[in-house]
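Student: I should like to learn how the features of a protein model are read. May we go through one together, step by step?

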Amino acid sequence: MFPAAGLDLSIDQSAVESLLAVEPTAVEPPETVTVARNVFLPLTTACRYACGYCTFYDPPGAADLLDPEAVRSKLRRGREAGCTEALFTFGDDPDERYTAIHEALSARGFESVQEYLRAGAKWALDAGLLPHGNPGEQTREELAAVADVMASMGVMLETTAEVPAHAGPRGKSPADRLRTIRAAGELSVPFTTGILVGIGEDWRDRAESLLAIRALHERYGHIQEVIVQPVTQNERWQGAEPGTDTLRRVVAMARTALPPAVAVQIPPNLASVEPLLRAGADDLGGVSPVTVDHVNPEAAWPAFRDLAATVESMGIALRERLPVRERFLPASGLENEWIGEPVGRVIYGDTPAGRHYRAIIGDTDGPRT
Ligand SMILES: O=c1nc2n(C[C@H](O)[C@H](O)[C@H](O)CO)c3cc(O)ccc3cc-2c(=O)[nH]1
Ligand SMILES: C[C@H]1O[C@@H](n2cnc3c(N)ncnc32)[C@H](O)[C@@H]1O
Ligand code: MET
Ligand code: SF4
């Protein structure tokens, strides 16, 4: 698959067939479900693409860039509310498409949106938060320029299929998404990806997309969770939303395709939690006590305690997690191939944030120097 893109993901058609045969009722529900508390920082909504389902993107206007002061005050608020994760999301290559964004960055001393992302991540670490970057497609060089200050990063594969929602002069290509995921693997960046369900792909495309993610994970071991995200209707997308039966089947396929260490994430503000946990989902992603979901602003976050009640009524434990999975953390010292020293310093520091994070991961060894 995608040999022209320099990617040789050989997707075995018999693996596709066996995923297509997966029954949601045959998958075991998890014993534990995880969730992270985050603060959402949309650095800019300007984007080179114009995906048919997305209301996030907008041409630059009055609020073309989330100002450094606004970034820092949101970070402070997030930490005060007990968040662990600073989620940095923005349109793809906004400064390459729009001179207004380049100028807004330049006026603040940044030559690219990656430089701004790096600065934002450092402010997050200064505030005691762990950065998760969701910057869209990135080259290996762009990822390398921020990797040491990121606890984890992600980009949704969405689908390996060519769909109308990604067509046209401002369309995305699956090969570019796959190359980003591969580059993150080459650089040992703990990574989140996922598929967007209901954008015109068929069942075979869903199976192939999951198997493409599995193939990249088998090569690099960097995938920490795979999001099964239902497309939601809005003023730009009037297509049908996938129903719970469809999502259950996709979740069961994901749980079957991926090894147990890779979590299957569902967004609790967009999907019915209970039936999807029964079909094998074991992570609820990030929920925020302080910010809306800027990608789907109409969809309010459930309260943490309501989620806990839902999950626990199923006999499943809800456990808070960090934006980086424990298996990527250094066993000693402050860094390893996955985690940069600036991130390790926050997790293992003798600070309130460090103590909070070590309590979450059950590390009783005390601070490291
Ligand atoms: O709050 C949100 N978090 C989103 N997240 C964040 C995710 O819930 C968590 O940040 C990760 O699980 C890391 O903790 C994404 C992360 C990605 O890497 C790619 C796509 C998304 C999409 C969303 C989203 O729409 N809303
Ligand atoms: C950050 C991620 O949000 C997802 N995204 C964008 N628009 C929508 C929508 N209407 N419904 C659900 N997910 C969406 C895309 O998959 C993107 O990668
Ligand atoms: C609302 S999407 C934000 C992240 C990026 N533009 C992507 O599509 O991956
Ligand atoms: S989904 Fe991401 S890439 Fe697509 S238009 Fe929205 S912001 Fe841009």
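Tutor: Let us begin with a single residue. This is a predicted model, and in it Asp93 counts as buried, with 21 C-beta neighbours inside 10 Å.

Student: Why does Asp93 count as buried?

Tutor: A residue is called buried if 20 or more other C-beta atoms lie within 10 Å of its own. Asp93 has 21 such neighbours, so it counts as buried. Asp93 lies in the loop between strand E2 and helix H3 (94–97).

Student: What is the sign of phi at Asp93?

Tutor: The general idea comes before the case. Most residues other than glycine have a negative phi. In Asp93, phi is near 40°, a positive value in a residue other than glycine. Ser188 also has a positive phi, near 55°. The loop between helix H7 (174–186) and strand E5 (191–197) holds Ser188.

Student: Is Ser188 buried or partly exposed?

Tutor: Ser188 counts as partly exposed, because it has 16 C-beta neighbours inside 10 Å. For an exposed residue, consider Gly366, which has 10 other C-beta atoms within 10 Å. Gly366 is found in the segment after helix H13 (352–361).

Student: How should the protein be described as a whole?

Tutor: One begins with its secondary structure, which comes to 13 helices and nine strands. The radius of gyration is 19 Å, close to the 21 Å that the globule rule gives for 369 residues, so the protein is as compact as a globular protein of that length. Along the principal axes, the C-alpha atoms fill a box of roughly 50 × 50 × 40 Å.

Student: What share of the residues counts as buried?

Tutor: Of the 369 residues, 48% count as buried. In soluble globular proteins, nonpolar side chains tend to be buried together. Here the largest nonpolar core has 100 residues. Those with the most contacts inside this core include Ala86, Leu210 and Val228.

Student: Which residues does Val228 contact, apart from its neighbours within four places in sequence?

Tutor: Val228 is in contact with Gly194, Ile195, Val197, Leu247, Val250, Val251, Ala254, Val264, Ile266 and Ala281. Of these partners, Val251 and Ala254 are also listed among the residues with the most contacts inside the core.

Student: How does one read contacts between parts of the chain that are far apart in sequence?

Tutor: One compares separation in sequence with separation in space. Among contacts between residues at least 6 apart in sequence, 77% join residues at least 24 apart. As a case, Thr256 and Val22 are 234 residues apart in sequence, and their C-alpha atoms are 7.7 Å apart in space. Thr256 lies in helix H9 (residues 244–257) and touches Leu19, Val22 and Val27, not counting residues up to four places away in sequence. By contrast, Gly366 and Ala121 are 245 residues apart along the chain, and their C-alpha atoms are separated by 25 Å.

Student: Is Thr256 buried or partly exposed?

Tutor: Thr256 counts as partly exposed, with 19 C-beta neighbours inside 10 Å.

Student: How does one read the surroundings of a ligand?

Tutor: One lists the residues around it and then sorts them by class. Of the 18 residues around ligand 1, Gly154, Gly285, Gly286, Val295 and Pro323 come nearest. The shell of ligand 1 has six nonpolar, nine polar and three charged residues. Its largest share, three residues, comes from E1.

Student: Which of the 13 residues around ligand 2 come nearest?

Tutor: They are Tyr53, Cys54, Met156, Leu196 and Thr232. By class, the shell around ligand 2 has seven nonpolar, five polar and one charged residues.

Student: Which residues lie around ligand 3?

Tutor: Among them are Cys47, Cys54, Phe56, Asp92 and Val295. The shell around ligand 3 divides into six nonpolar, four polar and one charged.

Student: Where does UniProt place the feature "binding site"?

Tutor: The unreviewed UniProt entry places this feature at Cys47, Cys51 and Cys54. Cys47 lies in the loop between E1 and helix H2 (68–80), and Cys54 is found in the loop between E1 and H2. Cys47 is buried, with 22 other C-beta atoms within 10 Å, and Cys54 counts as buried with 20 C-beta neighbours. Leaving aside neighbours within four places in sequence, Cys47 is in contact with Tyr57, Gly91, Asp92 and Pro94.

Conventions: Residues numbered from 1 in each chain as written. Chains lettered and ligands numbered in written order. Predicted model: local features only at pLDDT ≥ 70, side-chain atom pairs only at ≥ 80, totals over all residues. Near = placed C-beta within 6 Å. Nonpolar A, V, L, I, M, F, W, Y, C, P; charged D, E, K, R; others polar. Helix = DSSP H or I, 4+ residues; strand = E, 2+ residues; numbered from the N terminus. Core = buried A, V, L, I, M, F, W, Y, C linked by C-beta atoms within 7 Å. Buried ≥ 20, exposed ≤ 12 C-beta atoms within 10 Å, placed from the backbone. Contact = placed C-beta atoms within 7 Å. UniProt positions renumbered as here; feature names shortened; annotations may be inferred. Rg over C-alpha atoms; globule rule 2.2 N^0.38 Å.
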